[in-house]
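Here are my notes on the model you sent round. Have it open while you read, and check the points against it as you go.

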Number of protein chains: 2
Amino acid sequence: MMKHKDDLILSHQACFPLYALSREITTIYRPLLDALHITYPQYLVLMVLWENEGQTVNQIGERLRLDSGTLTPLLKRMELKKMITRKRKESDERSVEIHLSPSGKALKKEAAKVPAQMVEALGISDEEVNQLKRIANKILDKIKDRGN
Amino acid sequence: MMKHKDDLILSHQACFPLYALSREITTIYRPLLDALHITYPQYLVLMVLWENEGQTVNQIGERLRLDSGTLTPLLKRMELKKMITRKRKESDERSVEIHLSPSGKALKKEAAKVPAQMVEALGISDEEVNQLKRIANKILDKIKDRGN
DNA sequence: TAAAATTAGATTGTACACAACTTAATTGGC
DNA sequence: GCCAATTAAGTTGTGTACAATCTAATTTTA
């Protein structure tokens with residue numbers, strides 16, 4: 001029989017460390033990404049596009065689990081910085097295709113050193129990184145499989 | 001010798017699942033906390049105060065790793081909702097003490113069922129929750145011990 | 001002890017997040 | 001073929017986050 005008397009103690013919470021760590025990691029990314037004039041969510045969008053050019057807003061959103069309310073203004077800022085172009089699809093005018101500009105493509109080379117810099121800056125072992133990645137993905141998959 | 005050729009692939013990243021999971025969890029919290037008319041960060045502030053009444057903005061911020069730029073407006077919203085009061089400290093007028101109002105204290109009873117509801121809603125095993133908590137805290141501690 | 005340094009909050013400005021809603025294009029039934 | 005339902009983005013409004021800066025109070029130190 002479990003007791004729930006002390007459930008509302010911060011240090012007993014599991015979700016708070018996750019929330020705090022997620023923010024800490026963004027803070028560690030910041031100086032590395034500042035050098036490329038991008039934010040962390042913009043970096044994620046670029047990674048999605050480097051992997052597969054010309055995806056629609058929806059496709060990017062599914063990958064990153066972000067909706068148009070977040071993506072539309074974010075993509076507009078990236079367009080202003082000449083990293084991407086936004087164009088209505090010919091075959092379906094509802095969709096907007098996001099294409100990398102030459103400078104957006106070129107950014108990939110500059111970003112190539114970011115992952116290694118992060119491992120260095122985080123100062124944690126590969127083992128720990130992999131554990132975290134594995135369990136986070138496991139839980140994410142479970143959440144994804146039911147509702148969405 | 002490690003290869004870094006594929007480091008910029010989203011599915012190889014460790015930080016993205018963390019970022020995505022953190023947001024998913026907030027989404028799962030939302031309906032539970034909506035019933036109490038609070039947001040997740042406000043819930044965290046309340047937990048800090050339920051544990052120890054009358055802390056200053058700084059003390060709350062250290063606990064939650066949030067600065068006054070985030071906390072001041074958040075606390076003002078909580079004050080508007082009559083959950084807390086904000087009062088300059090007599091002994092040091094720079095500091096602001098945050099006190100729970102009667103309804104802020106009463107909220108604790110209503111929130112008592114939230115942790116169990118979360119475990120239920122998350123639908124993951126205690127084992128997984130604990131693993132995640134343990135490793136996130138381990139990494140957080142490492143980050144805390146150096147930088148600040 | 002008076003000026004300099006530090007500290008605590010507040011403010012400003014930018015950038016996410018996300019719910020709720022709107023608009024326009026497409027699709028599915030009939 | 002037409003209309004209802006669906007879909008994709010965009011818009012609106014609220015609430016974080018956080019860097020940078022400001023202001024006022026307190027400490028330090030010369």
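**Notes on the model**

1. Let's start with B:Arg63, which is partly exposed, with a relative accessible area of 31%. Bear in mind that this is a predicted model. The side chain of B:Arg63 meets that of B:Glu51 in a salt bridge, 3.3 Å from N to O. This pair ties together distant parts of the chain: B:Glu51 sits in helix α2 of chain B and B:Arg63 in helix α3 of chain B, twelve residues apart. B:Glu51 is partly exposed too, at 34% relative accessibility.

2. That salt bridge has company, as a search of the whole structure turns up 14 over all chains. One to look at is A:Lys138 with B:Glu128, where the closest N and O atoms are 3.7 Å apart. A:Lys138 is in helix α7 (residues 126–145) of chain A and B:Glu128 in helix α7 (residues 126–145) of chain B, so this pair joins two chains. B:Glu128 is buried, at 6% relative accessible area, whereas A:Lys138 counts as partly exposed at 44%.

3. Staying with salt bridges, A:Glu128, B:Lys138 and B:Lys142 are linked in a network of them. B:Lys144 also pairs with B:Asp141, with 4.0 Å between the closest N and O atoms. These two are three residues apart in helix α7 of chain B, so about one helical turn separates them. B:Lys144 is partly exposed at 45%, and B:Asp141 is partly exposed at 38%.

4. Now the DNA. Which residues come nearest to DNA strand C? Of the 30 around it, they are A:Thr39, B:Tyr19, B:Thr72, B:Lys76 and B:Arg86. Sugar and phosphate make up 80% of the strand's atoms that come within 4 Å of the protein. By class, the surface near DNA strand C has six nonpolar, twelve polar and twelve charged residues.

5. A few individual contacts with DNA strand C are worth a click. An N or O atom in the side chain of A:Thr39 is 2.7 Å from a phosphate oxygen of the strand. B:Asn58 uses a backbone N or O atom instead, 2.8 Å from a phosphate oxygen. A polar side-chain atom of A:Arg94 lies 3.5 Å from a sugar or linking oxygen.

6. B:Glu97, in strand β2 (residues 96–100) of chain B, deserves a second look. This residue is buried yet has no salt bridge, and the nearest side chain of opposite charge, B:Lys87, is 4.8 Å away. B:Glu97 does have a 3.1 Å polar contact, side chain to side chain, with B:His99. Beyond its close sequence neighbours, B:Glu97 touches residues including B:Gly54, B:Thr85 and B:Lys89.

7. A:Arg65 is in the loop between α3 (57–64) and α4 of chain A and is partly exposed at 24%. Its side chain makes a 2.4 Å polar contact with that of B:Glu24. Among the other residues in contact with A:Arg65 are A:Leu140, A:Lys144 and B:Arg23.

8. Last, two backbone oddities. Most residues other than glycine have a negative phi. A:Lys82 has a positive one of about 65°, and B:His37 one of about 60°. A:Lys82 is in the loop between α4 and β1 (84–88) of chain A and is exposed at 61%. B:His37 is in the loop between α1 and α2 (40–51) of chain B and is exposed at 59%.

Terms used. Residues are numbered from 1 along each chain as its sequence is written. Chains are lettered from A and ligands numbered from 1 in the order in which they are written. This is a predicted model: local features need pLDDT of at least 70, side-chain atom pairs count only at pLDDT 80 or more; totals for chains, interfaces and linings use all residues. Side-chain values use heavy atoms; hydrogens and water are left out. A residue is near a molecule or strand if one of its heavy atoms lies within 4 Å of it. A polar contact is a pair of N or O atoms within 3.5 Å; within protein, one must be able to donate a hydrogen and the other to accept it, and residues adjacent in sequence count only if both atoms are side-chain atoms. Ala, Val, Leu, Ile, Met, Phe, Trp, Tyr, Cys and Pro count as nonpolar, Asp, Glu, Lys and Arg as charged, and the others, Gly among them, as polar. Helices (H or I, at least four residues) and strands (E, at least two) are DSSP runs, numbered from the N terminus. Buried means under 20% relative accessible area, exposed over 50%, partly exposed in between (1.4 Å probe, protein chains only). Lys and Arg count as positive and Asp and Glu as negative; His and the chain ends are not counted. Contact means heavy atoms within 4.5 Å. Lists of a residue's contacts leave out its neighbours within four places in sequence.
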